[in-house]
Amino acid sequence: MTDPDQPSIPAVSLILVNYNAGPLLTEAVGAALASSVPVEVIVSDNGSRDDSLDRLAQAHGRDARLRILENGANLGFAAANNRALPLARAERLLFLNPDCLVAPDTLERLIAILDARPEVGMIGCLVLDPDGTEQVACRRAIPDPRIALRRILRLDRLNRSGAGRRLDQRHQPLPTEPIEVEAISGSFMLTTRRALERVGPLDEGYFLHCEDLDWFVRFHEAGLKILFVPDVSVIHHKGACSTGDPLAVERHKHRGMERFFRKHQMQRHSRLFGALVIFGIRVHFGLKAIAIRLRSGSRR
């Protein structure tokens, strides 16, 4: 017999990590709460200093399906997601960026595919820019250190034909049905508790960037497929939580790149090549830092 005082288990628990996302957070939560399947939304806030939580409370604070976890400080993307996991009640889990807008039928359509495919551990969909174009990271390959090194050192410009393996898969026609891919967008990752029991949570050694790639590799190593569904789409206002300090963002991104290479790829290559990749990542960050400071100085 069901206890009337006990809330029903939702079909999906959505976890959003917020850090100064502004009005987009309220918009994203509102879109999620309008889903055609029962949901709960957990916002894990990393010490936001803007009015995003105030706006959210004013718009949806009385909705029992919304819970806000205030971390009090910026723990990073992986740690903030992991802290929200014990609060989630559903078997299906959606890790959603706070600037990502779902349609009412998005989750209903995707969980039907997820439930029918036990070999699939994670699903992504077509992630679009606000102007309707497909985003870069929507369907992609796991970064290859040789390709990455050529890009970092600008040697890829010598290959005018563009032939060879590409990380960005947008040059390929959009598939007509769900396909298995190496990686999807980290802004929308639908998975299950059952999968996380095999794979584990996000690696908190990453602060921002590359934690999703690390996860994708571990899903593949656990024998779970990652699926890209092309006929379901969401709108992603990219970068809403990472506009305040571009130098810090680049620092975390390059540290993530180095951690990912050391953890998953370095052992497959010679010491010399590994040293070159790490050197290239650090030089690339140095050049980025100089460019950011020059732009900042010119604006002043």
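These are my notebook entries on a predicted model, taken element by element.

**Overall**

I began with the totals. The protein has 9 helices and 11 strands. Of its 300 residues, 49% are buried. I then looked at how far apart in sequence the contacting residues lie. Among contacts between residues at least 6 apart in sequence, 83% join residues at least 24 apart.

**Strands S1, S2 and S4**

I looked up S2 next. S2 is mostly covered, with 7 of its 7 residues buried. I sorted its side chains by direction: Val39, Val41, Val43 and Asp45 point one way, while Glu40, Ile42 and Ser44 point the other. Both sets are buried, Glu40 and Asp45 among them. The alternation fits what I expect in general: in a regular strand the side chains alternate between the two faces of the sheet.

I then checked what S2 pairs with. S1 and S2 run parallel and are joined by 7 bridges. At residue level, I noted Val39 in S2 as the bridge partner of Val12.

S4, residues 92-96, came next. S4 is also mostly covered, and 5 of its 5 residues are buried. Arg92, Leu94 and Leu96 point to one side of S4, and Leu93 and Phe95 to the other. I noted that Arg92 is buried along with the rest of the strand.

Which strands pair with S4, and in what sense? S1 pairs with S4 in the parallel sense, over 4 bridges. S10, residues 188-192, runs antiparallel to S4 and is joined to it by 5 bridges. For a residue on each side, I recorded Val12 opposite Arg92 and Met189 of S10 opposite Phe95. Val12 thus appears in my notes twice, once with Val39 in S2 and once with Arg92 in S4.

**Helix H2**

I listed the buried residues of H2, which spans residues 52-60, and found Ser52, Leu53, Leu56 and His60. Seen down the helix axis, these residues fall within an arc of 95°, so they line one face of H2. On the face turned away from the buried side I found the exposed residues Asp54 and Gln58.

What do the buried residues of H2 pack against? I recorded strands S1 (12-18), S2 (39-45) and S3 (66-70), together with helix H1 (23-33).

**Aromatic pairs**

I counted 2 aromatic pairs. One is Phe95 with Trp215, an edge-to-face pair with ring centres 5.2 Å apart and 80° between the planes. This pair links distant parts of the chain, since Phe95 is in strand S4 and Trp215 is in helix H7 (residues 211-221), 120 residues apart. Phe95 and Trp215 are both buried.

Trp215 also pairs with Phe219: the ring centres are 5.6 Å apart and the planes stand at 85°, so this pair is edge-to-face as well. Trp215 and Phe219 are both in H7, 4 residues apart, or about one turn of the helix. I looked up the accessibility of each. Trp215 has a relative accessible area of 1%, and Phe219 is at 0%. Because the cut-off for buried is under 20%, Trp215 counts as buried, and Phe219 does too. I entered Phe95, Trp215 and Phe219 as one aromatic cluster.

One further ring went into the notes. Arg259 lies over the face of Tyr206, 5.3 Å from the ring centre.

**Cysteines**

How many disulfides does the structure hold? I found 0. Cys125 is in no disulfide, and the nearest cysteine sulfur, that of Cys100, is 6.9 Å away. The cut-off for a disulfide is sulfur atoms within 2.5 Å, so the distance of 6.9 Å from Cys125 to Cys100 does not qualify. I also looked up how covered two of the cysteines are. Cys125 is buried, at a relative accessible area of 1%, and Cys210 is buried at 11%.

**Thr176**

Is Thr176 buried or exposed? Thr176 counts as exposed, at 78% relative accessibility. I placed Thr176 in the loop between helix H5 (145-152) and strand S8 (179-180). I then looked for a residue distant in sequence and recorded Asp231. Thr176 and Asp231 are 55 residues apart along the chain, and their C-alpha atoms are separated by 7.5 Å.

Key
Residues are numbered from 1 along each chain as its sequence is written. This is a predicted model: local features need pLDDT of at least 70, side-chain atom pairs count only at pLDDT 80 or more; totals for chains, interfaces and linings use all residues. Side-chain values use heavy atoms; hydrogens and water are left out. Helices (H or I, at least four residues) and strands (E, at least two) are DSSP runs, numbered from the N terminus. Buried means under 20% relative accessible area, exposed over 50%, partly exposed in between (1.4 Å probe, protein chains only). The arc is that of the directions from the helix axis to the C-beta atoms. Contact means heavy atoms within 4.5 Å. Two strands pair if DSSP finds at least two bridges between them. Rings of Phe, Tyr and Trp (its six-membered ring) pair if their centres lie within 6.5 Å; planes under 30 degrees apart count as stacked, over 60 as edge-to-face and the rest as tilted. A charge sits over a ring if NZ of Lys or CZ of Arg is within 6 Å of the ring centre and within 35 degrees of the ring normal.
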